[in-house]
Amino acid sequence: MLSSGVRLVPRKVQLNHSLICTSRSFMDLKTLISSLNDFASLSFAESWDNVGLLVEPSPPHTVNTLFLTNDLTEEVMEEALQKKADLILSYHPPVFRPLKRITWNTWKERLVIRALENRVGIYSPHTAYDAAPQGVNSWLAKGLGACTSHPIHPSKAPNYPTEGTHRVEFSVNHAQDLDKVISAVKGIKDVSVTSFSARSDDEEQTRVSLNCTQEALLQVVVFLSQNKQLYQKTEILSLEKPLLLHTGMGRLCTLDESVSLATMVERIKRHLKLSHVRLSLGVGRTLESQVRVVALCAGSGSSVLQGAEADLYLTGEMSHHDVLDAASQGINVILCEHSNTERGFLADLRDMLGAHLENKINIILSETDKDPLHVV
């Protein structure tokens, strides 16, 4: 009996060691937020949106459990606290309009109070995830079948490819004037200057090129207007931020093979796990009409889809009059309710974030989060 007991000891120690090795580790909140921003840059978000870390417990704050939800309601907050969440990623920002006070009077104020009292952070990506190449709209397009897609409204890079927002180019005929011109423009703040030789009308000239900000451009123009004898052949160019590949609002999807509208309805219902959707038939269209091009936007798509040339608009909600406008153009419209076109993405997000964060923390989905509207 004694020898048998001795043999059991190392086996028990080995089992405990194995459990320790496979348990999740913690991440510092700031490190985690940085990783989340690397996954999908907040610069993708619309200018009107409120994204990023919205509620921050006093530092230092470590995160073992990341809790994912589409909407952070009081019921969902209760679930997050029961499941010991350290950070809630709420796709929709629970704090959107500025709060003038934090009291117990309104449900959004109560969310902030409960989060801070329980040391739970709140982070919202919203339209940054809409625009991201691996985001909500790309997930929604998966339900259509094999297709090629591109953003309806492509996103632009957050920064200009070079310094400044404008480029000014002009020629200087005489070498003795070049130093005076370059010295003068270099003295203007936020101006960078280069020069190169050029030939025009069989004459050797020096071409001056400068990049500048909008504010500096005004000073450059004033200098040039006061020294017209020193230069000629002026061009002023407005620099554009480059478009980002596969990034932007909405998706215009061209199916590899056309299908009937009835077939597309069933595909969408299956992808979104819905028993019913709302359908508006375009003028002259039937359930047997063919669908080849689909314009889609998760959530509320009126402004994004407006003007898109497609056989079908797919979104969560549109205004009555926008649906009438689409129908008058022969465009079918499928409405699935706002968050039903978004929530299913969270399961994919959980897997992608797990890989992105190298499985360092627990990532769980809300079980109580749901669309507030039901068909009865």
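The following exchange goes through some helices and strands of this predicted model.

User: What makes strand S11 count as largely enclosed by the rest of the structure?

Analyst: A residue is buried when its relative accessible area is under 20%, and seven of the 10 residues of S11, which spans residues 203-212, are buried, so the strand is largely enclosed.

User: How do you know that strand S9 and S11 are paired?

Analyst: Two strands pair if at least two bridges are found between them, and S9 (residues 166-172) is joined to S11 by seven bridges, with the two running antiparallel. One of the partnerships links Val172 with Thr206 in S11.

User: Why is one side of strand S7 and of strand S15 left without a neighbour in the sheet?

Analyst: The open sheet has six strands in the order S7-S14-S16-S17-S18-S15, with mixed pairing. S7 (147-150) and S15 (278-280) stand at its edges with a single partner strand each, so one side of each has no neighbour there. S15 is joined to strand S18 (residues 332-335) by three bridges, running antiparallel, and Leu279 has Ile334 in S18 as its bridge partner.

User: What makes the residues where helix H2 meets helix H12 five nonpolar, two polar and one charged?

Analyst: Ser35, Leu36, Asp38 and Phe39 in H2 meet Leu349, Met352, Leu353 and His356 in H12. Leu, Met and Phe count as nonpolar, Asp as charged, and Ser and His fall among the others, which are polar, and this gives five nonpolar, two polar and one charged residues. The two helices pack at an angle of about 115°, with their axes 11 Å apart.

Methods:
Residues are numbered from 1 along each chain as its sequence is written. This is a predicted model: local features need pLDDT of at least 70, side-chain atom pairs count only at pLDDT 80 or more; totals for chains, interfaces and linings use all residues. Side-chain values use heavy atoms; hydrogens and water are left out. Axes are lines fitted to C-alpha atoms, for helices over the stretch in contact, and angles run from 0 to 180 degrees between N-to-C directions. Helices (H or I, at least four residues) and strands (E, at least two) are DSSP runs, numbered from the N terminus. Contact means heavy atoms within 4.5 Å. Buried means under 20% relative accessible area, exposed over 50%, partly exposed in between (1.4 Å probe, protein chains only).
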